[in-house]
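Student: Could you take me closely through a single part of this model, one sheet and the helices packed around it, and then relate it to the metal site elsewhere in the chain?

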Amino acid sequence: MARERLYLFDTTLRDGAQTNGVDFTLADKLTIARMLDDLGIDYVEAGYPGANPTDTNFFAERRPMRGTLTAFGMTRRPGRSASNDPGLAALMAAEADAICFVAKSWDYHVRVALETTEEENIASIRDSVRAAKAKGREVLLDCEHFFDGYKAKPAFALACAQAAYEEGARWVVLCDTNGGTLPHEVEKIVGEVCAKIPGDHVGIHAHNDTEQAVANTFAAVRAGARQIQGTLNGLGERCGNANLVSIIPTLKLKPEFSEKFDIGIPDEKLGKLAHVSHTLDEMLNRAPDRHAPYVGESAFATKAGIHASAIMKEPATYEHIAPERVGNRRKLLVSDQSGRSNVLAELDRIGLAIDKDDPRVTRLLDEVKEREAIGYAYEAADASFELLARRMLGKVPHYFDVEKFDVNVEQRINARGERVTVSQAVVKVKVGDDLLISASEGNGPVNALDLALRKDLGKYQSYITGLELTDYRVRILNAGTEAVTRVLIESTDESGEHWTTVGVSANIIDASFQALMDSIIYKLVKSGAPA
Ligand SMILES: [Zn+2]
């Protein structure tokens, strides 16, 4: 059976930019747009030209893309002609392939918010679609508050949608703008709309206010809608938009959808989905949601010992999909609740062969439990766990000793009369018989220490040149009566592998030092540096 095409429309850069605390620069927007285009998204809505300088600049020049670059804006204002509306003019001037208009479709909003008549609202939709079509643009109409509007006055809501369709809009998108509609209502209403407007011209735009944006999206597809609007990681104002990162793998991997529909995302790009999701978080300087479906660090993590042994035998017993399909991986947690089988499974993954009855397995497990009790987190810090295990088996060479380090932070007035804070670190390292002293300045004490530590490791220097720190996270924990600091450092190298190390201490510099040391030693081990 021929499969039908479903189209994906991403609005991370427009609706997603409404998220509290999110502020994309032009460079961010260009990077994200390229990432979405590379993934295989059909429509990338990049902003609202005329509304702010960033979006106006984005659309000031042609941004070549494989997909359809879309500009967002309002239909002409009531009482004005399309040719005499500055908002519409800015939209028409935008270098975009498509224009997505937003228009009211709820009679109540037309009366109260627009203070105009239903006839004028429909005339505005017709004029705007016509004007954009005349400019050679593909046109979409977002029907704002469509579901509430349809419940209040179905004939009017439908008339708004039909007006756009009749004027040649490629898509009429039904928006659950306040996110309050439930899946069975969406399915029913979309079904009724698709009886009047062909489903391959109908889209769904769901918000997550009842945590059902993804479910509402699938309800609409079941009822006939063939365009899906959403955002990466469900970004969006209030509770967010429908999360494309959850929707895409469901469409690709669940037979209910994959047997009926094709989407523009090839399998190999699906395998990059976790990376795409985490890259966006990195740009927003947020820790990725560990529990995110499909792509979260915990999405394929199992804690209980009995499950771990079963997973090793037959992964499909506990997993709804193979984690590699979306670029994630299976994770067996080594934590205070775990049993021997978890530790054995992790040792197996690392590639450390050990007999399951070896007493060192018990010692390792006890050590992990003890350290987790004082704040270490080996679930998150896979590289520190690996070093702990390797040390237990005598498989970490003694590379170097840090004899001493000194970190200082100074605030002073510089030559230009500005108040500046400068951090400096001096590290004394013994490599074999050589005593090496390095000093470095940094934008903070930990940065200075890191730079000094990695400046000169003598004969090991060549092994760590590709080492880079990509994330640094600090948490204050309450261990008993005293607060301790836990530092997690994520590193990467020329091979693209990412690893995380941990340090815990009452002193933040000390905790950071432990995590930095683990990262360097992990890199030396993995590069096969000789003792
Ligand atoms: Zn929205």
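**The sheet, its helices and the zinc site**

Tutor: In this predicted model, three strands form an open sheet in the order 13-14-15, and their pairing is antiparallel. Strand 13 (401-413) and strand 15 (434-442) are the edge strands, and because each has a single partner strand, one side of each is left without a neighbour in the sheet. From one strand to the next the twist averages 15°. Strand 14 (residues 419-431) pairs with strand 13 in the antiparallel sense over 12 bridges, and within strand 14 the residue K428 is the bridge partner of K404.

Helix 18 (residues 445-453) packs on this sheet and touches strand 13, strand 14 and strand 15, while its direction makes about 145° with that of strand 15. Helix 18 also packs against helix 20 (residues 508-526), at an angle of about 35° and with the two axes 10 Å apart, in a crossing that is right-handed. On the side of helix 18 the contact is made by P445, V446, L449, D450 and L453, and on the side of helix 20 by I509, S512, F513, L516, M517 and I520. By class, the residues of this contact between helix 18 and helix 20 divide into 9 nonpolar, 1 polar and 1 charged.

Turning to the metal site, the zinc ion has as its protein donors D15 (OD), H205 (NE2) and H207 (NE2), which lie 1.9 to 2.2 Å from it. Along the chain these donors follow the spacing D-x189-H-x1-H, and the pair of D15 and H205 links distant parts of the chain, 190 residues apart, with D15 in the loop between strand 2 (7-10) and helix 1 (26-39) and H205 in strand 8 (residues 202-206). D15 counts as buried because its relative accessibility is 4%, and H205, at 4% relative accessibility, counts as buried too.

The strand that carries H205 is itself mostly covered, for 5 of the 5 residues of strand 8 are buried. V202, I204 and A206 point one way from strand 8, whereas G203 and H205 point the other way, and all are buried. This follows a general pattern: in a regular strand, side chains alternate between the two faces of the sheet. Strand 8 pairs with strand 7 (residues 171-176) in the parallel sense over 5 bridges, and L174 stands opposite I204 of strand 8.

Definitions and conventions: Residues numbered from 1 in each chain as written. Predicted model: local features only at pLDDT ≥ 70, side-chain atom pairs only at ≥ 80, totals over all residues. Heavy atoms only, no water. Pairing = 2+ DSSP bridges. Helix = DSSP H or I, 4+ residues; strand = E, 2+ residues; numbered from the N terminus. Axes fitted to C-alpha atoms, helices over the stretch in contact; angles between N-to-C directions. Contact = heavy atoms within 4.5 Å. Left-handed = near helix turned anticlockwise from the far one by under 90°. Nonpolar A, V, L, I, M, F, W, Y, C, P; charged D, E, K, R; others polar. Donors = N, O, S within 2.8 Å, 3.2 Å for Na, K, Ca; no water. Buried < 20%, exposed > 50% of the residue type's maximum accessible area, 1.4 Å probe, protein only.
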